[in-house]
Every structure is written in C-alpha cells, then in structure tokens.
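Visitor: Please walk me through this one, in small steps.

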Number of protein chains: 2
Amino acid sequence: MSSSPDVAPAQRSTRQRRAVSAQLAASDDFRSAQDIHEALRREGEAVGLATVYRALQALADAGEVDVLNHAGEAVYRRCSETHHHHLVCRQCGATVEIEGPAVERWTTATAQQHGYAEVSHTLELFGLCPACQRAG
Amino acid sequence: MSSSPDVAPAQRSTRQRRAVSAQLAASDDFRSAQDIHEALRREGEAVGLATVYRALQALADAGEVDVLNHAGEAVYRRCSETHHHHLVCRQCGATVEIEGPAVERWTTATAQQHGYAEVSHTLELFGLCPACQRAG
DNA sequence: GCTGGAGGTGACAGTCATTATCAACATGCT
DNA sequence: AGCATGTTGATAATGACTGTCACCTCCAGC
C-alpha cells in the first residue's frame, strides 16, 4: 500500500562496488571472480569474495558486463552495449568483440523454421591470437 | 620401449557402460550425469556415480556423445557424427539438431580477419518449442 | 572350464566455484 | 546527527565433479 512507485532497488555506491568496477575497467579481457578478488587484495583494496560475486552479478544483471562460461567458471568483462559476440584467444585470453548481423538473422530464421519462439543464442569463437601464434 | 604399437586403451564391455549407453539411447534430450545415475538406480541397474561420470567422459572422448554446459552442469546426448549445433527448448529440453554451413563459413572467415588461427566455436540456440508455447 | 592379471568399479573423501547465513557496518535521507 | 535499510564479509554449506584405493570382473591363454 506504499504510495512510492519507485521500482529501482536503490543500488548504493560503496567502496567495494567501485573497486570491482574499476578492475573490470582496467582490463579488456575476461576475468573470473576469484581473479578479481585476488587482484583487489594485492592492490590493498581488499573486498570479501562473496561481495565480489554479488557485485559482478549486479553488474551482469544491469547489462553492464558480459558473462561467459570458461572451463566451468564464470568470467566477466566490461563490454559495449550492443549485442555482440567474442573471439577469444584460448591461450592468453585476448578478446575481440565481433558483430554478425548475418548470424543473428540466420539463428532467428532457423529457430522459426522449427517452430521455436523467444529464441536466444550463445555464440563464441576460440582460437590462437596472432601474438600467441608467433610465440608458438 | 615396448614393441607393441597398439594405441587403443582396450575399452572393455561392462554391464555399467552398457547401461549408461542404453540410457542415452533411450532419450533424445540432453541428460546430466546425476540424471542418468538416478534413472539407472530407479531401473534397478545401479551404477556408481563416479562410474557414470567416467563412462560419459569416455563416450564424449570417443565422439559418440555431445556435451553441453547447462546451468553449470554438463549435459550429454547421443548425436549424429557430423558437426552440428542444437536448438534446445529452455523449458522441456526438447532438442533439434541443426546444421549451418553459412555459419561455419562465417566463423572461419571472421576469425581469419582478426588473425586468429585454429578456430573452434560454440553455438547453441535456446527457445520455446511449439508444445511448450501451447502449454504456456 | 580355470586362472592370472590388467582394466573397471564404487564408496567415500577431497576439490573448487559459487551461494546462503547473519551479525556488524556504512550510506543516504531527513 | 540519527535512523532505517541496504551492504559487507567471515564462515559454513551446497553441488558438481574428480582422486583414491581396495575389491571385483572380463577375457586371453592354458
């Protein structure tokens, strides 16, 4: 019966959340929660592990970061806001954002052909980046 | 220094492995290891959980089943041998195998454009199958 | 058919990422 | 400043999966 119609959960700005965001901003590659937690600790910006997980989840929910599943663990990365996919180096993790309008069209059309609705998709490319090829 | 040049690890045919294979043959959908373990137990064909995991891994290594990661757990399915992708109902798990030569070409070309080599990819579609749309 | 031994099995403990708990704490509104 | 409420973090719990190791089974050779 409250008269306040606000739906936003009122996210507070805390030192911890800012620190996690800063970590993501500082790197272009996908990072795991454990990774970020350790990095923060090293830099003296100690943040509890549970809090790192919560912050990452909040960012993912807000659409500010992309989540991928790599070898059984979730990895996060700050990304552009448009829909896109990733080309990730399986050795060093270097990531390139790629767009594929053709693929988007194909997935939608294919799903419709089979009568499926509300279609989403996951598409990720893995390979060896130029640097790692040279390094052998 | 052995003079025997055999590389095959000599997979034995055991009741347990046959039971796991039979489970996969009995269903067209992706099943988790725990799922299969429970089903076998129900049917009186009790098999240790560790053994189910080992059998599934062996089948996956042999290329006889496809593996997907769904909600943090590996799911397995008996599949055709050619390279293909899946269109999975996110409600009931009904699966359709799909092929997309165009997508294969696109991924290879895109990766090469960025100088990446030895490219692999993951592509899965999720949606609501016709039956679940009606039930919805 | 019997036997030896290599491969297979399974109960259980260990690992690892992630989530729940909950008391102490910080933030932002008034 | 004061207070209600969202946040934090140490720790325990969960859940999927893997390692261990003593016992068992398949099958080749007799």
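Guide: A polar contact is a pair of N or O atoms within 3.5 Å; within protein, one must be able to donate a hydrogen and the other to accept it, and residues adjacent in sequence count only if both atoms are side-chain atoms. Here is one: a polar side-chain atom of Gln16(B) lies 3.0 Å from a sugar or linking oxygen of DNA strand C.

Visitor: What kind of model is it, and how are things numbered?

Guide: It is a predicted model: local features need pLDDT of at least 70, side-chain atom pairs need pLDDT 80 or more, and totals for chains, interfaces and linings use all residues. Residues count from 1 along each chain as its sequence is written, chains are lettered from A and ligands numbered from 1 in written order, and side-chain values use heavy atoms, without hydrogens or water.

Visitor: OK, back to DNA strand C. Which residues come nearest?

Guide: There are 22 residues around DNA strand C (a heavy atom within 4 Å). Tyr53(A), Ala74(A), Thr14(B), Arg17(B) and Arg54(B) come nearest.

Visitor: How much of the touched part of DNA strand C is sugar and phosphate?

Guide: Sugar and phosphate make up 66% of the atoms of DNA strand C within 4 Å of the protein.

Visitor: Which side chains have an N or O atom by a phosphate oxygen there?

Guide: Arg17(B) is one of them: an N or O atom in its side chain is 2.4 Å from a phosphate oxygen of DNA strand C. Thr51(B) is another, with a side-chain N or O atom 2.8 Å from a phosphate oxygen of that strand.

Visitor: Which helices and strands supply that surface?

Guide: Four elements each supply at least two residues of the surface near DNA strand C. From chain A come helix 3 (49–61) and strand 3 (73–78). From chain B come helix 1 and helix 3 (49–61). Helix 3 of chain A gives the most, with 5 residues. Helices (H or I, at least four residues) and strands (E, at least two) are DSSP runs, numbered from the N terminus.

Visitor: What about DNA strand D? How many residues surround it?

Guide: 20 residues surround DNA strand D. The closest are Arg12(A), Thr14(A), Arg17(A), Arg54(A) and Ala74(B). Of the atoms of DNA strand D within 4 Å of the protein, 64% belong to sugar or phosphate, and the rest belong to bases.

Visitor: Which residues lie by its base atoms?

Guide: Arg54(A) is one of them, with a side-chain N or O atom 2.5 Å from a base nitrogen of DNA strand D. For Arg12(B), a polar side-chain atom lies 3.3 Å from a base oxygen of DNA strand D.

Visitor: And what does Ala74(B) do with its backbone?

Guide: A backbone N or O atom of Ala74(B) lies 2.7 Å from a phosphate oxygen of DNA strand D.

Visitor: Which element gives the largest share here?

Guide: Helix 3 of chain B does, with 4 residues of the surface near DNA strand D. Helix 1 (15–26) and helix 3 of chain A each supply at least two, and so does strand 3 (73–78) of chain B.

Visitor: New topic. How do helix 1 and helix 2 of chain B pack?

Guide: Helix 1 (residues 15–26) and helix 2 (residues 33–42) of chain B pack at about 105 degrees, with axes 10 Å apart. That makes helix 1 of chain B roughly perpendicular (65 to 115 degrees) to helix 2 of chain B. Axes are lines fitted to C-alpha atoms, for helices over the stretch in contact (heavy atoms within 4.5 Å). Angles run from 0 to 180 degrees between N-to-C directions.

Visitor: Which residues meet there?

Guide: On helix 1 of chain B, Ala19(B), Val20(B), Gln23(B) and Leu24(B). They meet Ile36(B), Ala39(B) and Leu40(B) in helix 2 of chain B.

Visitor: Last one. What motion-free operation puts chain A on chain B?

Guide: A rotation of 179 degrees with 0.1 Å of shift along its axis superposes chain A on chain B, with RMSD 0.1 Å. That is the relation of a two-fold axis. The C-alpha of Leu123(A) is the nearest to the axis in chain A, 2.2 Å from it. Copies are superposed by least squares on C-alpha atoms of residues with pLDDT of at least 70 in both.

Note on methods
Angles under 35 degrees count as roughly parallel, over 145 as roughly antiparallel, 65 to 115 as roughly perpendicular and the rest as oblique.
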